[in-house]
Amino acid sequence: MSAIWVWIENKNGEISSISKEVIGAARTIAEELGEDVVGIVLSDDVDAVAAAAFDLGVDEVMGSEDDTFAAFRVTAAGPTVAEMAKEEEPAVFLAGASVQGSEIAAWVAAECDAGLIADAIALEVDDEMVKATCLVYNGKLMATTFVTDGTQCITLRNRAFAPAESTGDDGDADLVDAVKTEDEIGAKVTGFASAGGGVSLNDANIIVSGGRGVAGAEGFAPVRELADVLGAAVGASRAAVDAGWIPYEHQVGQTGKVVAPDLYIAAGISGAIQHQAGMRGSKVIVAINKDADAPIFKIAQYGIAADLFDVLPALTEAFKERL
Amino acid sequence: MKVVVCTKQTPSTTAAITLNNDGSVSWEDAGGKPNILNPWDEYGVETGIRLKEDGKASDVIALTTGAPDDTVGLKTALAMGCTEAIIVADEAYAGVDTLGTARIMAAAINNIGDVSLAIFGRQINGDMGHTAVQTAVKLGWTPLTQVTAINEIDDDRIVVERAVDDGRETVEAPLPVVLSVSKEIYEPRYPSFMGIRKANRVKIPVWGNDELNLDDAGGSKVDWSDIYDIPAREGTVQMIDSDDMADAAKELVDSLFEEKVI
Ligand SMILES: Cc1cc2nc3c(=O)[nH]c(=O)nc-3n(C[C@H](O)[C@H](O)[C@H](O)COP(=O)(O)OP(=O)(O)OC[C@H]3O[C@@H](n4cnc5c(N)ncnc54)[C@H](O)[C@@H]3O)c2cc1C
Ligand SMILES: Nc1ncnc2c1ncn2[C@@H]1O[C@H](COP(=O)(O)O)[C@@H](O)[C@H]1O
């Protein structure tokens with residue numbers, strides 16, 4: 001058992017931001033474990049991705065090049081990665097806790113009968129074992145968990161780890177054949193529409209969110225204006241989504257997205273426990289609420305107790321002056 | 001067509017969770033209902049019931065594994081309109097991890113027999129839907145996760161929309177499949193009064209290892225014993241005086257630049 005494997009999400013030759021973070025996390029534990037970081041790349045064109053992975057500091061790239069890997073399908077990628085893992089028995093298998101990363105990690109762990117930890121927000125090495133910190137019980141408690149034997153499969157939360165930086169290194173990928181042919185892969189992707197415009201919640205450094213306090217679909221206008229000035233994504237509480245003021249994609253919280261931007265501005269949001277579950281990992285929280293006793297102020301660094309329709313335009317102006 | 005909906009009973013979202021001195025966790029709810037159907041599974045149950053109402057599904061069977069009295073979720077599923085419920089409980093299955101759950105789900109689905117579709121919720125609390133994929137691997141079926149719509153379904157194939165990381169995908173697959181459904185699929189209904197009364201009278205069959213004959217379901221390869229309170233966020237809130245909004249905004253913006261958040 002050796003090596004830390006990192007699942008590298010790629011599209012059009014580029015590595016996704018979450019995979020850069022996973023490589024970064026792998027590099028920090030690699031030194032302590034004294035193991036190599038191996039990037040796992042499945043693609044219809046491995047070379048560009050492999051080069052980018054070496055540049056981000058992986059020691060080796062293993063993978064497979066096949067047309068069946070053009071768009072990610074776990075039914076295509078899973079069997080090939082699982083076979084590689086059975087052969088090589090990596091000590092650790094890391095992936096992002098994205099849709100794709102969760103699927104590949106679940107598949108590989110299932111085929112290899114390995115333990116799997118989901119959505120870690122921190123990793124540490126303790127006696128050659130990787131320990132992962134996770135939120136449990138709906139984000140109400142924390143746990144330090146580890147896989148007791150065999151390959152340690154762990155998915156890592158978006159934006160919880162610093163991305164790997166460029167090293168200028170290069171190398172050659174070590175390729176194996178795809179395990180499944182197109183005919184043997186159950187699922188066929190017959191259509192794709194990319195997430196339209198705007199900054200996505202998952203990737204955003206800054207999120208400006210509106211809640212019931214915006215009082216209508218039009219009430220999101222000042223939220224959007226501030227977000228535009230900051231290059232931020234727009235979030236929402238469930239109350240705003242349920243009222244039909246903004247689509248579900250924008251919902252932050254226990255039954256929406258879990259986010260951890262550098263800055264989270266909550267306007268007209270009371271800060272219910274289910275909303276907090278989705279945003280309390282943000283580095284800095286700013287709360288804007290008419291009610292000075294709203295629970296959101298308990299987890300915020302900065303608060304303004306006033307009408308959001310006064311505060312947001314003033315903030316937009318103040319940022320415009322500085323940016 | 002037979003449809004299985006996998007559901008789990010979870011602590012109520014408003015429950016106050018207590019970490020006890022012995023490291024165990026317990027919870028209470030002011031509303032008197034400490035346990036509920038996992039909110040994400042309401043969408044799976046709704047999807048199953050719609051397939052029945054649309055004449056596609058003959059049976060919609062709610063399935064869970066847990067303690068023998070973990071029936072709150074199943075009763076809700078029955079009250080919403082599932083045709084049957086089964087609970088899998090065996091001492092040998094205590095404390096399983098997601099992979100153990102997946103082995104149990106797969107064995108139960110095989111034991112039910114002739115199932116075309118197994119529907120899962122998106123997640124419980126942060127496991128990110130591993131169980132659906134792992135159950136599919138154990139069954140040898142195709143997993144389709146994060147399904148936002150079923151466009152077409154007939155006796156041997158399904159076409160769905162999925163929310164993937166960078167957009168939406170249309171996928172076609174032969175049955176049987178394992179689906180995990182997202183919140184966008186349908187608005188779950190409330191159980192009807194009659195439904196609740198009927199569900200309360202149902203005696204839910206309990207299956208154990210005598211029925212499933214698993215030799216490797218038990219145990220967990222993940223150690224979860226070290227649970228603790230979340231460290232409080234440091235510091236207290238700095239309230240910015242809002243008498244002059246332009247000044248207040250400037251003060252906040254200056255602080256954010258100083259902290260290098262921007
Ligand atoms: C199973 C379950 C899952 C849930 N999941 C989520 C989830 O994922 N995400 C989520 O957000 N919620 C979730 N909730 C709902 C959650 O409990 C709250 O109901 C919701 O977060 C409240 O949204 P809000 O803060 O926008 O509304 P409210 O709680 O109504 O708060 C509105 C706030 O706006 C303030 N306000 C009003 N007008 C103004 C103004 N002009 N200027 C400034 N302030 C103003 C008010 O003082 C108030 O504090 C869930 C609930 C359940 C039961
Ligand atoms: N013990 C269980 N019994 C039945 N279904 C379960 C169980 N655990 C998980 N599931 C199903 O798996 C889904 C995802 O759970 P998870 O993989 O834990 O995030 C849930 O929404 C349920 O549909």
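Why is strand β10(A) largely enclosed by the rest of the structure? In this predicted model, seven of the seven residues of β10(A) are buried, so the strand is largely enclosed by what surrounds it. Buried here means under 20% relative accessible area. The points below follow β10(A) into the sheet that it helps to form, a sheet that takes strands from chain A and from chain B, and then turn to chain B as a whole.

**The sheet that joins the two chains**

- The sheet is open and has four strands in the order β8(A)-β9(A)-β10(A)-β14(B), with antiparallel pairing.
- At its edges stand β8 of chain A, residues 122-126, and β14 of chain B, residues 222-229, each of which pairs on one side only.
- Neighbouring strands in this sheet are turned against each other by 30° on average, when direction is ignored.
- Strands of a sheet pair through backbone hydrogen bonds, and this pairing can be either parallel or antiparallel.

**Strand β10(A) and its two neighbours**

- On one side, β10(A), which covers residues 141-147, runs antiparallel to β14(B) and is joined to that strand by six bridges.
- Within this pairing across the chains, Met142(A) stands opposite Tyr228(B), while Val147(A) stands opposite Val222(B).
- The pairing of β10(A) with β9(A) is also antiparallel and extends over five bridges, and in it Thr145(A) is the bridge partner of Ala132(A).
- β9(A) and β10(A) form a hairpin with four residues between them, and in the turn Tyr137(A) has a positive phi of about 50°.

**Side chains and the covering helix**

- Leu141(A), Ala143(A), Thr145(A) and Val147(A) point one way from β10(A), whereas Met142(A), Thr144(A) and Phe146(A) point the other way, and all of these residues are buried.
- Helix α1 of chain A, residues 17-33, lies across β8(A) and β9(A), the latter spanning residues 129-136, and the helix runs at about 10° to β8(A).

**Chain B as a whole**

- Chain B contains seven helices and 15 strands, and its C-alpha trace spans about 70 × 45 × 40 Å along its principal axes.
- Of the 262 residues in chain B, 52% count as buried.
- Among the contacts in chain B with a separation of 6 or more, 68% come from residues 24 or more positions apart.
- The exposed area of chain B is about 11,900 Å², of which carbon and sulfur atoms supply 46%.
- Chain B carries 23 positive and 44 negative side chains, and the centres of these two sets lie 7 Å apart.

Technical notes. Residues are numbered from 1 along each chain as its sequence is written. Chains are lettered from A and ligands numbered from 1 in the order in which they are written. This is a predicted model: local features need pLDDT of at least 70, side-chain atom pairs count only at pLDDT 80 or more; totals for chains, interfaces and linings use all residues. Side-chain values use heavy atoms; hydrogens and water are left out. Two strands pair if DSSP finds at least two bridges between them. Axes are lines fitted to C-alpha atoms, for helices over the stretch in contact, and angles run from 0 to 180 degrees between N-to-C directions. Contact means heavy atoms within 4.5 Å. Buried means under 20% relative accessible area, exposed over 50%, partly exposed in between (1.4 Å probe, protein chains only). Accessible areas come from the Shrake-Rupley method with a 1.4 Å probe; for residues, only the protein chains shown count as cover. Lys and Arg count as positive and Asp and Glu as negative; His and the chain ends are not counted. The place of a charge is taken as NZ of Lys, CZ of Arg, CG of Asp or CD of Glu.
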